[in-house]
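Reader: Hey, got a minute to walk me through this model? I'd like to go one piece at a time.

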Amino acid sequence: MNLSVRNRIVIALSLVLAASIAAGIYATWAYARAASYAEQARTATERATLAALAGQQVTRFFSEASNLALGVARAQESAEQSADYGGVNGTDLAASRTIERLADAAGDDTLRSDWAELRMDVYHWINAEAEAGGAALRMRQREDGRFYASTTSNLEPSDAVAGLQGVELRRKVRERQDAYLDGELRAIARQADTVAASAVRAEAEAKEAARLGTLVLIGLSIIVAVSASVWLYRSIATPLARAREFASAVKGGDLGARLEQHQHDEIGELTMAVEEMKDSVVARIDTMREVAGVVLVLTEHLGESLVHAERVAADQAADPELVSDLADARKDSAALAGMVGQLLEA
Amino acid sequence: MGTLYDLCKRVSAELEAKHAGDPIGLVRAKGELATRAGFLVTLVGPNDYDDPGKVAALRAAASELGIVA
């Protein structure tokens, strides 16, 4: 792959950055998912708690309403019984508020409407018992939906209990109470418990998955970072090490050393320039050697010529000064040849 | 172009083979070749003009040194 060093650095940093960003995004998503399950569990637990509280309050309401109905049936109208009306009213109010919250939390309007109908039937039963017992007070509904004790009644019972009286009315009302408690409130509580338990498990699994996934991604990021660093290091250090070995070989006198170069980047350009420099230096050295060889040969030829001239001058009884000069020139020539030889051997 | 350069390379290679292991002898032989040819063989480049006189002189010098080029 012919990539410049700059591009390699950019790629390596991009890989590391991408791996880190991926790990960060995954961790954020995974922990948000776990938080979402935690919120589901919290909501479901709250709903279950509300359903349990509503169950208690509705049970108490039914109990107090039954006591009141039994009391008025025996015509025990008294100050104590008026207090019972107030007590039922208070319990009704508390239970109604809880059921309102529960209906909102569960998004269940039937719960609200069934409760309104059931209360109407319970108060209708109390009124029926009061009438049978000859009591003067009746339950009456105000425009805001709340009930209070009065001398007249305006209640309109549901079709389920309309027309019933005495024991049948009591049994029907109790059936409807049980159905509301078991069929609706406790069903909501059970469902909420199931959802909460499921959400808690899902939250734990999501947290574990997030932890493992994050660890894996961090591990992958480290592997990517190390791999990119090694790749970057090798693409730079390896050719530089070859260049160092090449320089050492040339320094040691191996002028035939070659620098194998396969990279087409800044490092490749540098090593190619180093090799061209070496070739240029070697070419100059070759020329110097050739010149030295020429000097050596010419000096040797000159020396031979001087020896011959010296001999001729001596044979012809030439001027002694000429003979002496020829002898000196021959010695100088021999000295020059010796120095060239020493230079070549060095 | 290139004939003179190639001839220089061949003659140099022959000389190096002939004086393998004798660097001083090789230098002396190259000096002898240059002296006889009349020019420095190592300064001839691949793009230099193929001077017929130089080619002939180099062939003659190589022949005198016992090299067939």
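Author: Sure. This is a predicted model, and in it chain B runs α-α-α along the sequence.

Reader: How many helices and strands is that for chain B?

Author: Chain B has 3 helices and 0 strands.

Reader: And what share of chain B is buried?

Author: Of the 69 residues in chain B, 30% are buried.

Reader: What about contacts in chain B between residues at least 6 apart in sequence, what percentage join residues at least 24 apart?

Author: That comes to 68% of those contacts.

Reader: OK, switching to the interface. How many residues of each chain are in contact there?

Author: On chain A there are 15, and they are in contact with 12 residues of chain B. Two helices of chain A, α5 (266–315) and α6 (320–345), each supply at least two residues of the side that touches chain B. The biggest contributor is α5(A), with 12 residues.

Reader: Which kinds of residue are on that side of chain A, nonpolar, polar or charged?

Author: The side of chain A that touches chain B has 8 nonpolar, 3 polar and 4 charged residues.

Reader: How do α5(A) and α2 of chain B pack, angle-wise?

Author: The angle between α5(A) and α2(B), residues 23–37, is about 80°, and their axes are 7 Å apart. Angles of 65 to 115 degrees count as roughly perpendicular, so α5(A) and α2(B) are roughly perpendicular to each other.

Reader: Which residues meet there, between α5(A) and α2(B)?

Author: From α5(A), they include R289(A), E290(A), V294(A) and L298(A). Across from them in α2(B), the residues include V27(B), R28(B), K30(B) and E32(B). This contact of α5(A) with α2(B) divides into 7 nonpolar, 3 polar and 5 charged residues.

Reader: Nice. New topic: how many residues are in the largest nonpolar core?

Author: There are 43 in the largest nonpolar core, and A51(A), A54(A), A65(A), L102(A) and I126(A) have the most contacts inside it. In chain A, α1 (5–73), α2 (79–106), α3 (109–133) and α4 (166–251) each supply at least two of its residues. The largest share, 14 residues, comes from α1(A).

Reader: Take A54(A). What is it in contact with, leaving aside neighbours within four places in sequence?

Author: A54(A) is in contact with A95(A), T98(A), I99(A), L102(A) and L185(A). There's also a second, separate core of 19 residues, with L15(B), V27(B), L33(B) and A37(B) among them.

Key. Residues numbered from 1 in each chain as written. Chains lettered and ligands numbered in written order. Predicted model: local features only at pLDDT ≥ 70, side-chain atom pairs only at ≥ 80, totals over all residues. Core = buried A, V, L, I, M, F, W, Y, C linked by C-beta atoms within 7 Å. Buried ≥ 20, exposed ≤ 12 C-beta atoms within 10 Å, placed from the backbone. Helix = DSSP H or I, 4+ residues; strand = E, 2+ residues; numbered from the N terminus. Contact = placed C-beta atoms within 7 Å. Nonpolar A, V, L, I, M, F, W, Y, C, P; charged D, E, K, R; others polar. Axes fitted to C-alpha atoms, helices over the stretch in contact; angles between N-to-C directions. Parallel < 35°, antiparallel > 145°, perpendicular 65-115°, else oblique.
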